[in-house]
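Let's take a walk through this fold together. Keep the viewer open and follow along as we go.

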Amino acid sequence: MNTPMDAEQTLIVDDQTPEHAEALRELLRGLSQPDKWISSIYFYDSHGSVLFDRITELPEYYLTRTETAIMRAHGADMARVIGPDALVIEPGSGAGEKIRLLLGALDNPVAYVPIEIAREHLRNSAEALAQDFPELEILPVWADFTRSLDIPEPSCKTHRKIVYFPGSTLGNFEPDDAVALLRNFAAMVGEGGAALIGVDLAKEAALIEPAYNDSEGVTAAFNLNMLTHLNRRFGSDFKPENFKHEAFYNPGEGRVEMHLKSLCDQDVHLGGKTIPVARDESIHTESSYKYSDERFAALAGKGGFRLVKTWKDPESMFSVRYLERM
Ligand code: AVJ
């Protein structure tokens, strides 16, 4: 009866917090629309994070590789426009290579403020960074970066606070939400502050779609893993084998859409509700917006920033944008 305590055992915690109840209501709201949707935040359980790391190494997934190359090629120029003694704020995990390239290029950065909702992740990445930059003051903040929060004061004076937001993560926000997020960044950096943001570029569908339909099926596994994650977190009974990964560029909306398409008529149970899903019906799991120069400049303006400088790779696949607070 009792499973011996070993690495195989998965403890299921019965979550009765109000946050969990609110998340369940939002899930049910999305799944009762004529066009069903589930938030892309549910990609990222621990297995999903491993799959995402594998995606970033796929030959088809140009985003990470290209952005890293832009940081390497133009880091010195970025450091010049940012100026000395910067305080760098990174909303989301700071585990990556890109933050190291930026901090390594900057002239005497005074402090690094990673903001992360996953507490263990925040601690681990901050500790790893402290090893690599022993002289840098690190001021981790445990928070949801989409909400308002206070940026801690560094012990040395800073001449510019800057938000670093790489990875085209901004593209996962609906345009109105992206504007709200930029406004939040503007509040974090204050007067004279700035932002350095990695943004995937709008381009031909044929150049984008392979990145979301890789030949090894890692992106398909990443998309389908969301269902396993939901089953564990919310006690639902999605059958991943009854769904198929689908991803395409929607040029009208300027976004890649990921969907899970039902292979049969089926019922899914979640939070005491029965959700019928028809054969060929799809659940929208992610949008990844791609921006032209014009559309990004307009978005930045609405978010309270002026687009000052853009760096691209030679093929114009990806961009890194420097914005100053208006
Ligand atoms: C890291 C969120 C920008 O949209 O390209 C990768 C996530 N989705 N493959 C992206 C993702 C499918 C990725 N972002």
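What follows is a tour of aromatic rings, nonpolar cores and a sheet.

One thing to keep in mind from the start: this is a predicted model.

Let's begin with the aromatics. Searching the whole structure turns up 13 aromatic pairs. Take Tyr44 and Phe222: their ring centres sit 5.6 Å apart with the planes at 70°, and since an angle over 60 degrees counts as edge-to-face, that is the label this pair gets. The two partners come from distant parts of the chain, 178 residues apart. Tyr44 sits in the loop between helix 1 (18-31) and helix 2 (46-56), while Phe222 belongs to helix 8 (residues 218-234).

How buried or exposed is each ring's residue? Tyr44 has 38% relative accessibility, so it falls in the partly exposed class. Phe222, on the other hand, comes out at 3%, and because anything under 20% counts as buried, Phe222 is buried. Both also belong to one aromatic cluster, alongside Phe43, Phe52, Tyr61 and Tyr212.

Tyr212 is a handy stepping stone to the next stop, the nonpolar cores. The largest of these has 62 residues, and Tyr212 is among those with the most contacts inside it, together with Ile38, Ile82, Val88, Leu196 and Phe238. Helix 3 (residues 62-82) is the top contributor to this core, giving eight residues. As background, nonpolar side chains in soluble globular proteins tend to be buried together.

Click on Phe238 next. Ignoring neighbours within four places in sequence, Phe238 is in contact with Leu31, Ile38, Leu227, Leu230, Asn231, Phe243, Val268 and Ile283. There is also a second, separate core, made of 34 residues, and Ile89, Val141, Tyr289 and Leu299 are included in it.

Last stop: a sheet. It is an open one with three strands in the order 7-8-11, paired antiparallel. Which strands lie at the edges? Those are strand 7 (243-250) and strand 11 (282-289), each of which pairs on one side only. From one strand to the next, the twist averages 20°.

Zoom in on strand 7 and strand 8 (residues 255-262): they run antiparallel and are joined by eight bridges. For one example of the register, Ala247 has Met258 in strand 8 as its bridge partner. Helix 8 then packs on the sheet, touching strand 7, strand 8 and strand 11, with its direction at about 60° to that of strand 8. That brings us back to Phe222, since helix 8 is the element that carries this residue of the edge-to-face pair.

Key: Residues numbered from 1 in each chain as written. Predicted model: local features only at pLDDT ≥ 70, side-chain atom pairs only at ≥ 80, totals over all residues. Heavy atoms only, no water. Phe/Tyr/Trp six-rings, centres within 6.5 Å; stacked < 30°, edge-to-face > 60°. Helix = DSSP H or I, 4+ residues; strand = E, 2+ residues; numbered from the N terminus. Buried < 20%, exposed > 50% of the residue type's maximum accessible area, 1.4 Å probe, protein only. Core = buried A, V, L, I, M, F, W, Y, C linked by side-chain atoms within 4.5 Å. Contact = heavy atoms within 4.5 Å. Pairing = 2+ DSSP bridges. Axes fitted to C-alpha atoms, helices over the stretch in contact; angles between N-to-C directions.
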